[in-house]
Number of protein chains: 2
Amino acid sequence: MRITVLRLGHRPARDKRLSTHLMLAARAFGASDAFYCGTMDPGLEDSVNRVVRDWGGGFKVVYAASWRRVMSEWGGRIVHLTMYGLPAQEAVPMVRAEDDPLLVVVGGPKVPREVYDMADWNVSVTGQPHSEVSALAVFLHMLLEGSEQASEFTGARLRIVPSARGKDVAVSKD
Amino acid sequence: MRITVLRLGHRPARDKRLSTHLMLAARAFGASDAFYCGTMDPGLEDSVNRVVRDWGGGFKVVYAASWRRVMSEWGGRIVHLTMYGLPAQEAVPMVRAEDDPLLVVVGGPKVPREVYDMADWNVSVTGQPHSEVSALAVFLHMLLEGSEQASEFTGARLRIVPSARGKDVAVSKD
């Protein structure tokens with residue numbers, strides 16, 4: 001299943017690190033790419049691109065001026081992650097049953113009503129307040145059944161060699 | 001299993017929101033309490049305490065001047081979450097087999113070598129760079145087998161009523 005993340009309402013000064021963590025979680029847990037709306041932020045894009053350069057794969061992050069346009073033109077299904085939605089445990093099997101490209105919308109402050117209406121599923125991870133970063137990661141972990149641990153990122157310059165005690169990083173020489 | 005989180009190296013100006021998200025993820029995914037080291041930050045504590053007041057449960061966040069002391073005096077097992085560690089899929093069954101109180105250590109910048117040595121397990125969630133927030137949430141989700149969705153937080157003033165389209169919050173009147 002091809003997965004794209006849409007991050008709403010990014011504010012560079014306030015959200016830089018959280019949005020970067022969100023994008024890296026999207027990549028690590030199996031999304032192919034991401035849009036972000038709000039204010040354009042080359043610093044955010046650079047941070048993500050640097051990780052992709054070192055750690056491989058084809059993850060891309062692109063600014064989109066209009067979330068409404070991304071959502072209305074989306075040729076697949078849409079999940080909106082919100083603490084108000086249906087429990088992830090209920091929603092995930094329904095989402096998994098579809099093979100269309102999936103857009104996962106992740107809120108910023110004050111998500112417009114329209115987002116709830118345009119989504120195929122409004123999905124909650126725990127029904128408690130926590131973080132868009134943890135909500136996205138756990139949702140993708142559930143959806144893809146933990147396959148992130150075995151993901152291969154092609155063209156990686158750096159690769160972790162799992163270690164009980166140390167830091168072992170393999171550096172590719174090409 | 002009683003779970004406590006230890007957040008290393010908190011810097012108020014830079015980490016306020018990430019550490020808040022981390023603490024809220026700890027609470028939502030089943031930890032009982034948390035320590036944080038680095039610089040004391042009443043703003044962080046207030047943010048977490050406000051959520052606990054509204055959404056219930058007994059989660060506490062406490063400043064600890066010395067992570068070394070917290071770790072060396074810990075009367076149970078210790079997991080350190082690090083991208084360099086053993087895959088979570090391998091480590092979780094070992095951690096789950098123990099019934100001792102569990103300390104989950106989450107790094108800040110430049111985690112000292114000693115932390116790796118003092119931990120019973122150094123554990124990686126994905127082996128890719130992402131976020132301490134997503135690493136902690138997915139680790140706890142795996143460890144507690146998704147039980148977070150059914151968690152009850154006693155004394156909650158607010159409670160989400162899961163909803164396919166709207167925002168439905170039950171407010172307790174006492």
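## The sheet of chain B

In chain B, six strands make up an open sheet whose order is S3-S2-S1-S5-S4-S6, and the pairing within it is parallel. Strand S3 (60-63) and S6 of chain B occupy the edges, where each has a single partner strand, so one side of each is left without a neighbour in the sheet. On average, and with direction ignored, neighbouring strands of this sheet are turned by 30 degrees against each other. The description that follows, like the one just given, concerns a predicted model.

Within this sheet, strand S1 (residues 3-10) of chain B is joined to strand S2 (residues 33-38) of chain B by five bridges, and the two strands run parallel. One point of reference along this pair is B:Val5, which stands opposite B:Ala34 in S2(B). Helix H1(B) packs on the sheet, where it touches S1, S2, S3 and strand S5 (102-106) of chain B, and the direction of H1(B) makes about 170 degrees with that of S1(B). Helix H6(B), for its part, lies across S1, S4, S5 and S6 of chain B and runs at about 120 degrees to S4(B).

## Helices H1 and H6 of chain B

The two helices just placed against the sheet also meet one another, for the axes of H1(B) and H6(B) come within 9 Å and cross at roughly 5 degrees. Since angles under 35 degrees count as roughly parallel, H1(B) and H6(B) are therefore roughly parallel to each other.

On the side of H1(B), the contact is made by B:Leu18, B:His21, B:Leu22, B:Ala25 and B:Ala26, which meet B:Glu132, B:Val133, B:Leu136 and B:Ala137 in H6(B). Sorted by class, the residues of this contact of H1(B) with H6(B) are seven nonpolar, one polar and one charged.

## The sheet of chain A

Chain A likewise has an open sheet of six strands, with the order S3-S2-S1-S5-S4-S6 and parallel pairing. Its edges are strand S3 (60-63) and S6 of chain A, each with a single partner strand, so one side of each is left without a neighbour in the sheet. Neighbouring strands of this sheet are turned by 30 degrees against each other on average, if direction is ignored. Between strand S1 (residues 3-10) of chain A and strand S2 (residues 33-38) of chain A there are five bridges, and these strands run parallel; along this pair, A:Leu6 stands opposite A:Phe35 in S2(A).

At the edge formed by S6(A), five bridges join strand S4 (residues 77-87) of chain A to S6(A), and the two run parallel. The bridge partner of A:Leu81 in S6(A) is A:Val123. In strand S6 (residues 121-124) of chain A, A:Trp121 and A:Val123 point one way while A:Asn122 and A:Ser124 point the other way, and all of them are buried.

## Helices H1 and H6 of chain A

Helix H6(A) lies across S1, S4, strand S5 (102-106) and S6 of chain A, and runs at about 120 degrees to S4(A). The axes of helix H1 (residues 12-28) of chain A and helix H6 (residues 132-143) of chain A come within 9 Å and cross at roughly 5 degrees, which means that H1(A) is roughly parallel to H6(A).

In this contact, A:Leu18, A:His21, A:Leu22, A:Ala25 and A:Ala26 of H1(A) meet A:Glu132, A:Val133, A:Leu136 and A:Ala137 of H6(A). The residues concerned divide into seven nonpolar, one polar and one charged.

## How the two chains are related

Chain B is superposed on chain A by a rotation of 180 degrees with 0.0 Å of shift along its axis, the RMSD being 0.0 Å. This is the relation of a two-fold axis. The C-alpha of chain B that is nearest the axis belongs to B:Ser134, at 2.2 Å from it.

## The interface

Of the interface residues of chain B, 100% are also interface residues in chain A, so the copies meet through the same surface. The contact takes 41 residues from chain B and 41 residues from chain A. On the side of chain B that touches chain A, the elements that give two or more residues are helix H1 (12-28), helix H2 (42-55), strand S4 (77-87), helix H4 (88-96), helix H5 (113-118), strand S6 (121-124) and helix H6 (132-143) of chain B.

Among these elements, H1(B) gives the most to that side, with six residues. By class, the side of chain B that touches chain A consists of 19 nonpolar, 16 polar and six charged residues.

Technical notes
Residues are numbered from 1 along each chain as its sequence is written. Chains are lettered from A and ligands numbered from 1 in the order in which they are written. This is a predicted model: local features need pLDDT of at least 70, side-chain atom pairs count only at pLDDT 80 or more; totals for chains, interfaces and linings use all residues. Axes are lines fitted to C-alpha atoms, for helices over the stretch in contact, and angles run from 0 to 180 degrees between N-to-C directions. Helices (H or I, at least four residues) and strands (E, at least two) are DSSP runs, numbered from the N terminus. Angles under 35 degrees count as roughly parallel, over 145 as roughly antiparallel, 65 to 115 as roughly perpendicular and the rest as oblique. Two residues are in contact if their C-beta atoms, placed from the backbone, lie within 7 Å. Ala, Val, Leu, Ile, Met, Phe, Trp, Tyr, Cys and Pro count as nonpolar, Asp, Glu, Lys and Arg as charged, and the others, Gly among them, as polar. A residue is buried if 20 or more other C-beta atoms lie within 10 Å of its own, exposed if 12 or fewer, and partly exposed in between; C-beta atoms are placed from the backbone. Two strands pair if DSSP finds at least two bridges between them. Copies are superposed by least squares on the C-alpha atoms of residues with pLDDT of at least 70 in both.
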